[in-house]
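Trainee: I'd like a close look at just one thing here: the empty spaces. Could you walk me through the pockets and cavities, and what lines them?

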Amino acid sequence: MTSYTAEFDDVPGTRVFTASRAKKGYELNQFCMSLMKPENRERFKADERAYLDATKMTEAQKRAVLDRDYNAMLDEGGQIYFLAKIFATDGQSYLQAVSTMTGMPVDEYQRMMLSGGRSPDGWRSVKDGN
Amino acid sequence: MARITAGLTTSHIPAVGAAIDLGKTGEPYWKPVFDGYEWTKAWAKRNVPDVVILVYNDHMSAFTPEVVPTFALGCGDEFPPADEGYGPRPVPVVEGHPELAAHLAEGLILDEFDLTLMYDLRVDHGLTVPLSLVYGQPERWPVRVIPLAVNVVQYPPPTAHRCYRLGQAIRRAVRAYDTDLTVHVWGTGGMSHQLQGPRAGFINTPYDKAFFDRLVSDPDGLAEVKHLELVREAGAEGIELVMWLIMRGALGAEVEELYRFYHVPGSNTAVGHLVLRAADS
């Protein structure tokens, strides 16, 4: 029998934030929460590497943040509402940041949304290919 | 006796709050969204309850990686708007109803819903955007609000069935309150959307429209929906739709649909909005 958590792996292009991902991403997500304070945002922007090195994050987590690779941040246990503190610090909207995870330029992503969004067809199940 | 007379559901998209706060509601992109709430704003002026029980989710503004409560009830006197990284929204402080909240806490916990009780709670766009959509930009919100925050961020969130039953328990608890109060229940979030991974931008209009119908006419059946179906058919963040079941459970078996609105897109999301009257009200 497939576990509750493993079933979600069949949904293409998706990493749901499970309890085990929450554990893995704990320090990454705590770093994100630290950006809720304006003085921390300024310190982070002044020297990102030094700010990250003062945390308990893994090197892979730090690298994903420095690269603003949001898919890699999800793999490292990040969750979008925590990660939102990073793109808010960068002055980006949800739409701008979210589009980077799709491999589409932001204007193309915006056009897709204006024409009704990403169709579910082909995005429901890896196993069933629908 | 306190009574639940009406309920509504609405998306709580952060960009909608920003559009209101920055005076962009008349822009071509946003106008269709805000036009869709004009009926409700007029209805809400004629039907002001004493209290709104507002079901929403926090977006890591008040909650942190340290504590993940499944259901958290706001029991304080007031709830200030949270700073989500852009500064707090310029909206009034949300005034609570600590007497009814204390009664609900007692009734619901004794009814075996083990709530977390919040006496210090900042509220983010999940709660304040619905208030802005329904009440506009007043100096002071016209209603008192009891926030009910639901974890839909870390899996597993509560099941749709559990949410529906919590709504039914809220109905029982409100009816057992011996002061005359009119109460509305709002379920927020949704509809289909996904904010993460290569599948981001996911929208499923046929599923959303069927969800509306099922919520109105077949809530017992809809309450059986599994998380996997919601993620597959409504997107990873479409899981928020479980919160609509709390509203529906609180309205009783029979409802009258007063108004429905659907629009794509609001930022990354399908905007869905429904107003229901409890048939016994």
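Mentor: Let's go through the pockets, then a residue next door, then the cavities. First, some ground rules: residues are numbered from 1 along each chain as its sequence is written, chains are lettered from A and ligands numbered from 1 in the order written. This is a predicted model, so local features need pLDDT of at least 70 and side-chain atom pairs 80 or more, while totals for chains, interfaces and linings use all residues, and side-chain values use heavy atoms, without hydrogens or water.

Start with the largest pocket (on a 1 Å grid over the protein atoms alone, an open set of points with protein on both sides within 12 Å along at least five of seven lines). About 940 Å³ of space lies in it (the space filled by probe spheres set on the points, which are joined across faces, edges and corners). Its lining takes in 45 residues (each with an atom within 4 Å of a point). Look for A:Tyr94, B:Pro14, B:Ala15, B:Ala18 and B:Tyr86, which lie nearest the centre of this pocket. Which elements give two or more residues to the lining of the largest pocket? They are H8 and H9 of chain A, together with helix H1 (14-21) of chain B (helices are DSSP runs of H or I with at least four residues, strands are runs of E with at least two, both numbered from the N terminus). The largest share, 6 residues, comes from H1(B). As for chemistry, the lining of the largest pocket splits into 19 nonpolar, 19 polar and 7 charged residues (Ala, Val, Leu, Ile, Met, Phe, Trp, Tyr, Cys and Pro count as nonpolar, Asp, Glu, Lys and Arg as charged, the others, Gly among them, as polar).

Now hop over to the second largest pocket, with a volume of about 240 Å³. It has 22 lining residues, and those closest to its centre are B:Met60, B:Thr64, B:Val67, B:Val68 and B:Gln154. Both chains turn up again: H2 and helix H3 (26-34) of chain A, plus strand E7 (144-150) of chain B, each give two or more residues to this lining. H2(A) supplies the largest share, 3 residues. Sort the lining of the second largest pocket by type and you get 15 nonpolar, 5 polar and 2 charged residues.

Keep B:Gln154 in view, one of the residues closest to the centre of that second pocket. A:Thr18 is in contact (heavy atoms within 4.5 Å) with B:Gln154, and with A:Thr5 and B:Tyr155 too, leaving aside neighbours within four places in sequence. In chain A, A:Thr18 lies in the loop between helix H1 (4-7) and helix H2 (19-24). Buried or exposed? A:Thr18 counts as buried because its relative accessibility is 4% (buried is under 20%, exposed over 50%, partly exposed in between, with a 1.4 Å probe and protein chains only).

Last come the closed spaces: there are 3 cavities of 30 Å³ or more (in a cavity, a 1.4 Å probe fits but cannot get out). The largest cavity holds about 130 Å³ of space. Its lining has 18 residues, and A:Phe17, A:Gln79, B:Val153, B:Gln196 and B:Glu237 lie nearest the centre. By type, the lining of the largest cavity comes out as 10 nonpolar, 4 polar and 4 charged residues.
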